[in-house]
Amino acid sequence: MQAEEVARKFDRYRREGKAWRARCPVHKSKSLTLGIYSGDRAVILHCFAGCDPKDILTSVGLTVSDLYYQHRERLSPAAS
C-alpha cells in the first residue's frame, strides 16, 4: 500500500506536503493528529498523541504487513 491508500482508510484525512494527516481513531481526536509518511520500504504511521500503531491499524482493518510496499516488478512476468 502507498501512503495515500492508507490515509483513505481513515474518516478524515488531508495531504500535507509530501505526507498525509488523519484523525486518529484510537483516541478519538477531532484534530488530525496522525501522520502518515512514505518511508523507504513501508508507510510509516505516527500519532502525535502517542497511540500504538498496531492499535491504529487494527481499528481500520489493517495489519503491519499491509504497510510494506509490494515489489510488483519482481512478481510480474518479464515483458516479451
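This section describes the fold, nonpolar core, side-chain pairings and cysteines of a predicted model.

The protein contains three helices and four strands, which follow one another along the sequence in the pattern α-β-β-β-β-α-α. Of its 80 residues, 34% are buried. Among the contacts with a separation of 6 or more, those between residues 24 or more positions apart account for 39%. The mean pLDDT of the protein is 88, and a value of 70 or more is reached by 88% of the residues. Residues 72-76 have a pLDDT that stays under 50, and over this stretch the model shows zero contacts beyond four places in sequence.

The largest nonpolar core comprises 19 residues, and the members with the most contacts inside it are Val6, Phe10, Leu34, Ile36, Val43, Leu45 and Ile56. Several elements supply at least two residues each to this core, namely helix 1 (3-7), strand 2 (19-22), strand 3 (34-38), strand 4 (43-47) and helix 2 (53-59). As a general tendency, nonpolar side chains in soluble globular proteins are buried together. Val6, which is located in helix 1, may serve to illustrate the surroundings of one core residue, being listed among those with the most contacts inside the core. The relative accessibility of Val6 is 0%, and the residue therefore counts as buried. When neighbours up to four places away in sequence are set aside, Val6 touches Met1, Ile36, Val43, Leu45, Leu62 and Leu67. Of these partners, Ile36, Val43 and Leu45 are themselves listed among the core residues with the most contacts. A further spatial relation involves Leu57, which is separated from Val6 by 51 residues in sequence, while the C-alpha atoms of the two residues are 9.4 Å apart in space.

The polar pairings were examined by a search of the whole structure, which finds three salt bridges. One of them joins the side chains of Glu4 and Arg8, with an N to O distance of 2.5 Å. Glu4 is partly exposed, its relative accessible area being 33%, whereas Arg8, at 53% relative accessibility, counts as exposed. Glu16 takes part in a salt bridge with Arg14, in which the N to O distance is 2.9 Å, and also in a salt bridge with Arg21, in which the N to O distance is 3.5 Å. Through these shared partners, Arg14, Glu16 and Arg21 are joined into one network of salt bridges. Within that network, Glu16 is partly exposed, with a relative accessible area of 35%, and Arg14 is likewise partly exposed, with a relative accessible area of 42%.

Aromatic rings were considered next. A pair of such rings is described by the distance of the centres and the angle of the planes. The structure holds one aromatic pair. This pair is formed by Tyr13 and Trp20, whose ring centres are 5.9 Å apart and whose planes lie at 55°, so the pair is tilted; the angle falls short of the range over 60 degrees that would make a pair edge-to-face. The two residues can also be described by their accessibility: Tyr13 is partly exposed, with a relative accessible area of 33%, whereas Trp20 is buried, with a relative accessible area of 8%.

The cysteines were examined for covalent links, and the count comes to zero disulfides. For Cys24, the nearest cysteine sulfur is that of Cys51, at a distance of 3.8 Å, and Cys24 is in no disulfide. Because a disulfide requires two cysteine sulfur atoms within 2.5 Å, the separation of 3.8 Å between the sulfur atoms of Cys24 and Cys51 does not qualify. Cys24 is buried, with a relative accessible area of 0%. Cys47 is also in no disulfide, the nearest cysteine sulfur being again that of Cys51, 3.8 Å away. Like Cys24, which is buried, Cys47 is a buried residue, with a relative accessible area of 4%.

Technical notes: Residues are numbered from 1 along each chain as its sequence is written. Side-chain values use heavy atoms; hydrogens and water are left out. A salt bridge is a side-chain nitrogen of Lys or Arg within 4 Å of a carboxyl oxygen of Asp or Glu. Buried means under 20% relative accessible area, exposed over 50%, partly exposed in between (1.4 Å probe, protein chains only). pLDDT is the predictor's confidence in each residue, from 0 to 100. Contact means heavy atoms within 4.5 Å. Rings of Phe, Tyr and Trp (its six-membered ring) pair if their centres lie within 6.5 Å; planes under 30 degrees apart count as stacked, over 60 as edge-to-face and the rest as tilted. A nonpolar core is a set of buried Ala, Val, Leu, Ile, Met, Phe, Trp, Tyr and Cys residues joined through side-chain atoms within 4.5 Å.
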